[in-house]
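The exercises below are meant to be worked through with the coordinates open, and each one is followed by a solution that goes step by step.

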Amino acid sequence: VENRLPFADQTEKLEKKDLVMYIYAGKPSERYQKQFGKEARIQLNDKFADVNDIQQFIIEERESKREELQGLLTTSLKIDAETGMGLVSDIKYELRKAEAYRVNYTTKNGEAIKNMQ
């Protein structure tokens with residue numbers, strides 16, 4: 001998916017990248033638009049997915065880690081700046097159902113006012 005990240009001025013860097021699960025959202029890049037359309041889509045790892053696939057994705061990611069690390073996993077949302085909040089809300093709802101409460105939003109460091117331009 002295309003991923004032009006929004007700006008934020010209060011950011012922190014994640015330390016342990018191996019404990020991060022990534023969910024991407026945005027419209028498919030040009031080469032995939034014929035197959036998947038131009039509407040915003042979800043991508044889990046390297047595959048397009050539906051909102052309903054998120055819980056299973058979280059379960060599989062947890063199971064791939066040692067038991068003592070499972071509670072330390074963070075879900076990082078890499079959401080294109082043009083993606084509607086409806087899709088973001090749907091993603092967050094699925095994360096709550098999967099009890100994935102540690103959520104991070106990936107952004108570019110900068111003034112948030114730049115998001116309006």
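**Exercise 1.** Is Asn 45 buried, partly exposed or exposed, and what is its relative accessibility? Then state where Asn 45 sits in the chain and describe its phi angle.

*Solution.* Keep in mind throughout that this is a predicted model. Begin with the accessibility: Asn 45 has a relative accessibility of 41% and therefore counts as partly exposed, since that class lies between the cut-offs of 20% and 50%. Next, place the residue: Asn 45 belongs to the loop between β3 (41-44) and β4 (47-49). Finally, turn to the backbone, where phi of Asn 45 is near 55°, a positive value in a residue other than glycine. As background, most residues other than glycine have a negative phi.

**Exercise 2.** Carry out the corresponding analysis for Glu 99, giving its phi, its place in the chain and its exposure.

*Solution.* The phi of Glu 99 is positive, at about 60°, although the residue is not a glycine. Locating it along the chain puts Glu 99 in the loop between α3 and β6 (103-105). For the exposure, the relative accessibility of Glu 99 is 55%, so the residue counts as exposed.

**Exercise 3.** How many salt bridges does a search of the whole structure find, and which residues are joined into one network by salt bridges that share partners?

*Solution.* The search of the whole structure returns 4 salt bridges, and three pairs, taken from among them, are examined here.

1. Glu 2 pairs with Arg 4, with 3.4 Å between the closest N and O atoms. Glu 2 is partly exposed at 22% relative accessibility, and Arg 4 is likewise partly exposed, with a relative accessible area of 44%.
2. Arg 4 also forms a salt bridge with Asp 80, for which the closest N and O atoms are 4.0 Å apart. Because Asp 80 lies in the loop between β5 (74-79) and α3 (85-97), while Arg 4 lies in the segment before β1 (7-8), this pair ties together parts that are 76 residues apart in sequence. Asp 80 is buried, its relative accessible area being 4%.
3. Joining these bridges through their shared partners gives one network of Glu 2, Arg 4 and Asp 80.
4. Arg 66 forms a salt bridge with Glu 68, with the closest N and O atoms 2.7 Å apart, and both Arg 66 and Glu 68 are exposed.

**Exercise 4.** What pattern of helices and strands does the chain follow, and how does its radius of gyration compare with the value that the globule rule gives?

*Solution.* Counting the elements gives 3 helices and 7 strands, which, read along the sequence, follow the pattern β-β-α-β-β-α-β-α-β-β. The radius of gyration of the chain is 15 Å, close to the 13 Å given by the globule rule for 117 residues, so the chain is as compact as a globular protein of that length. Along its principal axes, the C-alpha trace spans about 45 × 35 × 25 Å. Of the contacts between residues at least 6 apart in sequence, 67% join residues at least 24 apart, and buried residues make up 32% of the 117 residues.

**Exercise 5.** What is the accessible surface of the chain, and how far apart lie the centres of its positive and negative side chains?

*Solution.* The accessible surface comes to about 8100 Å², and 45% of this belongs to carbon and sulfur atoms. For the charges, the chain has 20 positive and 21 negative side chains, and the centres of the two sets lie 4 Å apart.

Technical notes: Residues are numbered from 1 along each chain as its sequence is written. This is a predicted model: local features need pLDDT of at least 70, side-chain atom pairs count only at pLDDT 80 or more; totals for chains, interfaces and linings use all residues. Side-chain values use heavy atoms; hydrogens and water are left out. A salt bridge is a side-chain nitrogen of Lys or Arg within 4 Å of a carboxyl oxygen of Asp or Glu. Buried means under 20% relative accessible area, exposed over 50%, partly exposed in between (1.4 Å probe, protein chains only). Helices (H or I, at least four residues) and strands (E, at least two) are DSSP runs, numbered from the N terminus. The radius of gyration is taken over C-alpha atoms; the globule rule is 2.2 Å times the number of residues to the power 0.38. Contact means heavy atoms within 4.5 Å. Accessible areas come from the Shrake-Rupley method with a 1.4 Å probe; for residues, only the protein chains shown count as cover. Lys and Arg count as positive and Asp and Glu as negative; His and the chain ends are not counted. The place of a charge is taken as NZ of Lys, CZ of Arg, CG of Asp or CD of Glu.
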